[in-house]
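Subject: The structure we talked about, with notes

Dear colleague,

Here is the structure I promised to hand over to you, with the sequence alongside. Please open it first, and then read the notes underneath with the model in view.

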Amino acid sequence: MKILLIGSGGREHALAWKIAASPLVTKLWCAPGNAGIANDAECVALDVSDHPAVVAFCKTNAVDFVVVGPDAAIAAGIVDDLNAAGFKAFGPTRAAGRLESSKKFTKALCRANDIPTAAYEHFTDADAAKAYVRKQGAPIVVKADGLAAGKGVVVAMTEDEALAAVDMMFGGAFGASGAEVVIEEFMQGEEASFFALCDGEHALPLATAQDHKRAFDGDEGPNTGGMGAYSPAPVMTEAMCTRVMEEMVKPTLRALKAMGCPYKGVLFAGVMVTGDGPKLVEYNARFGDPECQVLMLRMMSDIVPALLASADGQLKNFSLRWYDEAALTVIMATKGYPGDYSKGSVIEGLDEAAKVEGVEIFHAGTAMKDGRLVANGGRVLNVCALGKNVTEAQRRAYEAVDRIKWPEGFCRRDIGWQAVKREDS
């Protein structure tokens, strides 16, 4: 098979690495890719927001299957346009992808189908939103309705913080994505990431993971797209996973099918495990980044047949095998992220870092310049490791991090702390 992968981040490098290992693949392209992906696929300088150009590439190169990585491409309807042109693609349609691209859509779907989630209201003007904040008090959560690259959520611990978040969003910080906001109750509990492959009707649960959203150690600082992750997530017991499937994933698939927009692709449920059981934080319509990286390390099975079964509606009798080892990834980001940061700083020492046992390094925001590897984004490297438990995977990942020479980079030093604490006790 000839496969085209869409995207350029760490998630896509992990997918490229896994897809490239499949004996079914004769040719793998990635558009636009990055310096690390170039080791596993041929990177093509396609503008993936130009759907006719993507379709033309598929025709010219007789592409058999397109795997869509990022949320923006799904929200823009790339799967619809590929399907209309006769190409098979992995990922939801624009209508099904509203689970991620519109918070109000998902919250209304939850309300209509008794899916457990935080109490909420939806607002189109700042004054009404602020009145609601004052009435509810803090802590409270303010979310931009649309896509905001993982940064459109403010967990406000004070009323003033919440009011400032409302002003920021309606003030245009996220453009059209923040023209409407959803304000939710603050949920107490431990958050985890749950993934299921879906084929419109059936769902196949994948391994669980836990992400670290805050920029700095001890879960301090601003929310980011994710500073690290590990799998499995101890809080997601077998019983908890069953509840998520029965109370969230299956009713969601039934509802979307009834609406005439069946969901195919990977469904990512952010789950808060509260005293009252699991509650949905939000849905994403693609693999998590950085969770995808640890899932790919742990997946024993060939991923390509699973992605095809999802696109073809054939998941009913499908199963996947997983390695028992734990996987952990540490994100190395450019200083200043998630705020302003510079590009072009030189990164060295990756070959030495990759020699640590069990380590795999995925590139997120890198480029080659004059024969040297340089940082080309906020989140730049994913230093991943396998281990017999999270503690060992964590030790190996940080040993590799310490071999990387990149003064302009930073990372959290406590990724996996909840699991390590459990393993210690």
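What follows is a walk through the sheets, the hairpins, a helix pair and the empty spaces. Please keep in mind throughout that this is a predicted model.

**The parallel sheet**

A good place to begin is an open sheet of five strands, whose order is β3-β2-β1-β4-β5 and whose pairing is parallel. The strands at its edges are β3, residues 42–43, and β5, residues 89–90, and each of these pairs on one side only. If you look at one end of this sheet, you will find β2, which covers residues 27–32, running parallel to β3 and joined to it by two bridges; C30 has C43 in β3 as its bridge partner.

Two helices lie across strands of this sheet. Helix α1 crosses β1 (2–7), β2 and β4 (65–68), and its direction makes about 170° with β1. Helix α2, made of residues 51–60, also lies across β1, β2 and β4, and runs at about 160° to β1.

**The antiparallel sheet**

Another open sheet has four strands in the order β11-β10-β16-β17, and here the pairing is antiparallel. Its edge strands, each pairing on one side only, are β11 (203–205) and β17 (277–284). When direction is ignored, neighbouring strands of this sheet are turned against each other by 35° on average. Helix α11, residues 303–312, packs on the sheet and touches β10 and β16 (264–274), with its direction at about 70° to that of β10. Within the sheet, three bridges connect β10, residues 190–199, with β11 in the antiparallel sense, and L197 stands opposite L204 in β11.

**Two hairpins**

It is worth finding both hairpins on your screen. Strand β13 (residues 214–216) and strand β14 (residues 220–223) run antiparallel and are joined by two bridges, with F216 having E220 in β14 as its bridge partner. Three residues lie between these two strands in the hairpin, and G218 in the turn has a positive phi of about 70°.

Further along the chain, strand β20 (residues 366–369) and strand β21 (residues 372–375) are antiparallel and held in register by four bridges, and A367 stands opposite V374 in β21. This hairpin has two residues between its strands, and D370 in the turn shows a positive phi of about 50°.

**A pair of helices**

Two packed helices are described by the angle between their axes and the distance between those axes. Helix α13 (residues 390–401) and helix α14 (residues 417–424) pack at an angle of about 130°, and their axes are 8 Å apart. That angle makes α13 oblique to α14. Which residues in α13 and α14 meet? From α13 come V390, T391 and Q394, and they meet W417, A419, V420 and E423 in α14. Sorted by class, this contact has four nonpolar, two polar and one charged residues.

**Empty space in the model**

Rolling a probe the size of a water molecule over the atoms shows where empty space is left. For cavities of 30 Å³ or more, the count comes to one, and the largest cavity has a volume of about 50 Å³. Its lining consists of L99, K103, T106, K107, K143, E184, L280, V281, E282 and Y283. The elements that give two or more residues to this lining are α6 (103–112) and β17, and β17 supplies the largest share, which is four residues. By class, the lining of the largest cavity has four nonpolar, one polar and five charged residues.

The second largest pocket holds about 320 Å³ of space. It is lined by 16 residues, and those closest to its centre are N39, L350, D351, I361 and H363. Two or more lining residues come from each of α1 (10–20), α12 (350–353) and β19 (359–363), with β19 giving the largest share, four residues. The classes in the lining of this pocket are seven nonpolar, five polar and four charged residues.

With best wishes,
A colleague

Conventions:
Residues numbered from 1 in each chain as written. Predicted model: local features only at pLDDT ≥ 70, side-chain atom pairs only at ≥ 80, totals over all residues. Heavy atoms only, no water. 1 Å grid on protein atoms, 1.4 Å probe; cavity = no way out; pocket = protein on both sides within 12 Å on 5 of 7 lines; lining within 4 Å. Points joined across faces, edges and corners; volume = space filled by probe spheres on them. Nonpolar A, V, L, I, M, F, W, Y, C, P; charged D, E, K, R; others polar. Pairing = 2+ DSSP bridges. Contact = heavy atoms within 4.5 Å. Axes fitted to C-alpha atoms, helices over the stretch in contact; angles between N-to-C directions. Parallel < 35°, antiparallel > 145°, perpendicular 65-115°, else oblique.
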